[in-house]
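Thank you for making the time this morning. I would like to walk you through one structure, moving from charged pairs to the interior and then out to the surface, so please keep the view open while I talk.

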Amino acid sequence: MAMSQSRDTPRRMPRELFGHPRGLAFLFTTEMWERFSYYGMRALLVLYMVKYLLLPGNAEGVIGLATLKSLLESVFGPLEAQPFSSHIYGFYTGLVYLTPFFGGLIADRLLGQHRTILIGATLMAAGHFMMAFEPLFLFALTVLILGNGCFKPNMSAQVGSLYGPGDPRRDRAYLIFYVGINLGAALAPYVCGTLGEEVGWHYGFGAAGVGMVIGLAIYSFALASHALPLDELHRAKAAAEVKPPPLSRTEWRAIIALLILFLPNTLFWATYEQQGNTIALWAEDYTNRHIDLLFWRGEIPTTWFQSFNPIMIMAFTPFVIALWARQARRRSEPSSITKMAFGCFGVALANLLMVGAAWQSSGAPDASWHWLFGYFVILTIGELYLSPVGLSLVSKASPTHMVSMMMGVWLGTSFIGNFIGGWLGSFWNTMETTSFYQIALQLLPIIGFDGPPSAIGKISFFLMIATIAAAAGLVILAFNRPLRGVLKD
């Protein structure tokens, strides 16, 4: 009887560390290593395909690749290596954000968050190691997608479960958690990217697998040491709530409000995710990566640019937190919805800066790497105003027994966004087929640009991305006032 009671009774809230529950530190480090594995693999993915895997003589050995190419060409027409790789990249980065909906559903209804996370982490570790075997490329991506679906929504939801209703530390906790994400993302290009480019592609993918194994070990230790509270499924069972109560009218309105923000959030991710796709190609093919630090001269590896954004996330987060705290004291802090609109405008402005880079280089591979540095500064500020704020908003507004599933729905915006982003990236070398190019072709000479058509193509591409991001921001602003009351923002 005593054993049954100890098993079914909710655990005591864990001790605090630096003003937050101790479990936050374990979730922080687990997510850090998972993101190390994800971004380490992502930093190599497009370059690996364009420079090696999709080339004649290599592509024929990949199981299922010819079938996939035929299917895509039946929709999009003939595909060379670059647009084909862009579509694969878009499908992969998109599907890793579709499966979290089902992972959240499994956790909420069947297995609970803890077990689902363990399954997801194990699958992802296996998928990264499978990337070292070329014939299994598509199978490896599939395993990674399924593992991420089990892992991602439940980790994000568990951060919110550490805090009670109305706890003002929740927003700050998600920002701290976001730093963990970006610490792993910052380290990944230096380790996995350098190994992949300098030693061998498969060594980079193997390093990503090692990172995921470390994350799995940390989370397992957290569970064994009772550092995490019971997940929502087991809390409900402990309270004998076998069937969750029906949704109230207020809860339905909150869910609908979150779904309204689905479309503009999707467009944000479609434009933001160009950094791992077309921006990587810009860094490789159009950027003068030479650097002179007086005591050292050399060339910045292409994959290292992928670390700019996460490093800046860590550098800028304390200042953003301080700014929001100061605005809160003055009662001038923007609403969460307004912050998200600012995030979209940041991505638009970053791409307008790249218009300047394309203008200055005129199609030659000599654009200063400082253009990319400025791009990532603006993009990062925009991301801080949208991504963690959206996670916090979902955590606050969702019904308690649906948090993981709603987190999966919210992350699903990245699925469609990355799919659209991959499609947009396929125009990188074919912008002349779009209306943006035709407009740029007519207007640019009028304002003094006399560069070649290839430069006009890159200028029109960045203008297209900026326009989409700005449109997303305007849509969010249009719903600011009607949704604030519904979401209790």
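The side chains of E31 and R35 form a salt bridge, with a nitrogen-to-oxygen distance of 4.0 Å, and I should say at once that this comes from a predicted model, so every distance I quote is computed from predicted coordinates. Both residues belong to helix 2, where they sit four residues apart, or about one turn of the helix. As a reminder of the geometry, an α-helix has 3.6 residues a turn, so positions three or four places apart point the same way. Is E31 buried or exposed? With a relative accessible area of 1%, E31 falls under the 20% limit and is therefore buried, and R35, also at 1%, is buried because it falls under that limit too.

Staying with helix 2, we come to R42, whose side chain meets that of E273 in a salt bridge of 2.7 Å, N to O. Since R42 lies in helix 2 while E273 lies in the loop between helix 12 and helix 13 (278–285), this pair ties together parts that are 231 residues apart in sequence. Both partners, R42 and E273, are buried.

A further pair is made by E299 and R289, with 3.6 Å between the closest N and O atoms. Here E299 is in strand 5 (residues 297–299) and R289 is in the loop between strand 3 (287–288) and strand 4 (290–292), ten residues apart. In this pair the relative accessible area of E299 is 51%, which makes it exposed, whereas R289, at 11%, counts as buried. Salt bridges with shared partners also join E31, E34, R35 and K152 into one network, and over the whole structure the search returns seven salt bridges.

What does the same kind of search give for disulfides? Zero are found in the whole structure. As for individual cysteines, C150 counts as buried at 14% relative accessibility, and C344 is buried at 0%.

Let me turn to the interior. The largest nonpolar core holds 136 residues, and those touching the most other members are Y92, M131, F137, W282 and F462. Helix 2 gives the most to this core, with 14 residues. If we take Y92 and leave aside its neighbours within four places in sequence, its contacts are Y38, M41, L45, L141, L144 and I145.

Another residue to look at in helix 2, which spans residues 22–53, is V46. At 2% relative accessibility, V46 counts as buried. Which residues does V46 touch, not counting those up to four places away in sequence? They are S85, Y89, G276, N277 and L281. For a sense of scale, V46 and H401 are 355 residues apart in sequence and 39 Å apart in space, C-alpha to C-alpha.

Now to helix 12, residues 262–272, which is mostly covered, eight of its eleven residues being buried. Those buried residues are P264, N265, T266, F268, W269, A270, T271 and Y272. The elements that cover them include helix 11 (249–260), helix 14 (308–329), helix 15 (336–361), helix 16 (369–397), helix 17 (403–425) and helix 19 (453–478).

From that list, let me pick out helix 15, where A350 lies. At 0% relative accessibility, A350 counts as buried. Leaving aside neighbours within four places in sequence, A350 is in contact with Y375, I378 and L379. A350 and T380 are 30 residues apart in sequence, and their C-alpha atoms are 9.2 Å apart in space.

Finally, the surface. A nonpolar patch of about 510 Å² is made there by Y190, V191, L195, V199, Y203 and I311. Which helix supplies the largest share of that patch? Helix 8, residues 169–199, does, with four residues. One residue of the patch, V191, has its place in helix 8, and at 35% relative accessibility V191 counts as partly exposed.

That is where I will stop, and I am happy to take questions.

Methods
Residues numbered from 1 in each chain as written. Predicted model: local features only at pLDDT ≥ 70, side-chain atom pairs only at ≥ 80, totals over all residues. Heavy atoms only, no water. Patch = residues over 30% accessible without salt bridge, like charges linked within 9 Å, V, L, I, M, F, W, Y side chains within 5 Å. Areas by Shrake-Rupley, 256 points an atom, 1.4 Å probe, with all protein chains shown as cover. Helix = DSSP H or I, 4+ residues; strand = E, 2+ residues; numbered from the N terminus. Buried < 20%, exposed > 50% of the residue type's maximum accessible area, 1.4 Å probe, protein only. Contact = heavy atoms within 4.5 Å. Core = buried A, V, L, I, M, F, W, Y, C linked by side-chain atoms within 4.5 Å. Disulfide = S-S within 2.5 Å.
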